[in-house]
Amino acid sequence: MLFSLTILFIYNTFAFSTENQINNHINQIMKEEGYIQNEYHQKVKRYCQTLDLKDDAELIARYREAHSKSKAWPEIAAGIREVGILEMEMYILGNKVFMIIETPLDFNFDSAMARLAQLPRQQEWEDYVAELQGCVKGMTSAGKWHLMDRMFHLYW
């Protein structure tokens, strides 16, 4: 409730000239207050991946914009859901991007990524963002993103 009131306050109090300014304010609040997570009422698996963007402020801004709510391609989000991914989040610091993927326990990462690569517009999207990432056109998502090792867990 506090989050919703804060967002409403921002919209009603400040005059924003762009959607990016609104999103930047919202992201700053969530960064400080914490990101609310979905509940699935079942155990899930989590995959964490990383990649580097080209170290260029203009390209990084374009990458952020490409992933904004209004600019992200709906076919890509639909494909991500279609292969069984419950939740996907991306975080950025400088030119480092970190992705968290949550899936059902029976999810097979390799087969899901192979299936995702075959869905409509997926390779077109991968080629589009490849210009902003530190990789080459023609690579699939599985070829760009690197699975990370967990090195700490509070509940071991």
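This passage describes the pockets, cavity, salt bridges and nonpolar core of a predicted model.

The search for open space came first. Rolling a probe the size of a water molecule over the atoms shows where empty space is left. The largest pocket holds about 2100 Å³ of space. Its lining is made up of 50 residues. Nearest the centre of this pocket lie H67, S68, K69, E89 and M90. Many elements take part in the lining. Among the helices, α1 (2-13), α2 (19-33), α3 (57-66) and α4 (74-82) each supply at least two residues. Helices α5 (109-118) and α6 (122-130) do so as well. Strands β2 (87-93) and β3 (96-104) also each supply at least two residues to the lining of the largest pocket. The largest share comes from α2, with 10 residues. By class, 30 of the lining residues are nonpolar, 11 are polar and nine are charged.

The second largest pocket holds about 380 Å³ of space. Its lining includes V44, R46, Y47 and C48. F98, I100 and E102 also line this pocket. The list is completed by M148, D149, R150, F152 and H153. Two elements, β1 (44-52) and β3, give two or more residues to this lining. Strand β1 gives the most, with four residues. Seven residues of the lining are nonpolar, one is polar and four are charged.

Enclosed space was examined next. The structure holds one cavity of 30 Å³ or more. The volume of the largest cavity is about 30 Å³. M113, L116 and A117 are among the residues that line this cavity. So too are Q122 and E126, along with T140, S141 and A142. Helices α5, α6 and α7 (141-144) each supply at least two residues of the lining. Helix α5 gives the most, with three residues. Four residues of the cavity lining are nonpolar, three are polar and one is charged.

Charged pairs form a further part of the picture. The count comes to eight salt bridges. One of them joins K96 and D52, with the closest N and O atoms 3.2 Å apart. K96 lies in strand β3 and D52 in strand β1, so this pair ties together parts that are 44 residues apart in sequence. K96 has a relative accessible area of 44% and is therefore partly exposed. D52 is also partly exposed, with a relative accessible area of 39%.

Another salt bridge is formed by the side chains of E65 and K71, at 3.9 Å from N to O. E65 has 32% relative accessibility, so E65 counts as partly exposed. K71 is partly exposed as well, with a relative accessible area of 45%.

R121 forms a salt bridge with E75, and here the closest N and O atoms are 3.1 Å apart. This pair links distant parts of the chain. R121 sits in the loop between α5 and α6, while E75 belongs to helix α4. The two residues are 46 residues apart. R121 counts as partly exposed, at 33% relative accessibility. E75 counts as partly exposed too, at 34% relative accessibility. The pair also belongs to a network of salt bridges, in which E75, R121 and E124 are linked.

The nonpolar interior was examined last. The largest nonpolar core has 25 residues. Within this core, Y63 and I85 touch the most other members. Strands β1 and β3 each supply at least two residues of the core. Helices α3, α4, α5 and α6 each supply at least two as well. Contacts of Y63 were listed without its neighbours within four places in sequence. On this basis, Y63 is in contact with L53, M90, V97 and V129. Y63 is also in contact with L132, Q133 and W145. One of these partners, M90, is among the residues that lie nearest the centre of the largest pocket.

How values were computed. Residues are numbered from 1 along each chain as its sequence is written. This is a predicted model: local features need pLDDT of at least 70, side-chain atom pairs count only at pLDDT 80 or more; totals for chains, interfaces and linings use all residues. Side-chain values use heavy atoms; hydrogens and water are left out. On a 1 Å grid over the protein atoms alone, a cavity is a set of points where a 1.4 Å probe fits but cannot get out, and a pocket is an open set with protein on both sides within 12 Å along at least five of seven lines; lining residues have an atom within 4 Å of a point. Grid points are joined across faces, edges and corners, and a volume is the space filled by probe spheres set on the points. Ala, Val, Leu, Ile, Met, Phe, Trp, Tyr, Cys and Pro count as nonpolar, Asp, Glu, Lys and Arg as charged, and the others, Gly among them, as polar. A salt bridge is a side-chain nitrogen of Lys or Arg within 4 Å of a carboxyl oxygen of Asp or Glu. Buried means under 20% relative accessible area, exposed over 50%, partly exposed in between (1.4 Å probe, protein chains only). A nonpolar core is a set of buried Ala, Val, Leu, Ile, Met, Phe, Trp, Tyr and Cys residues joined through side-chain atoms within 4.5 Å. Contact means heavy atoms within 4.5 Å.
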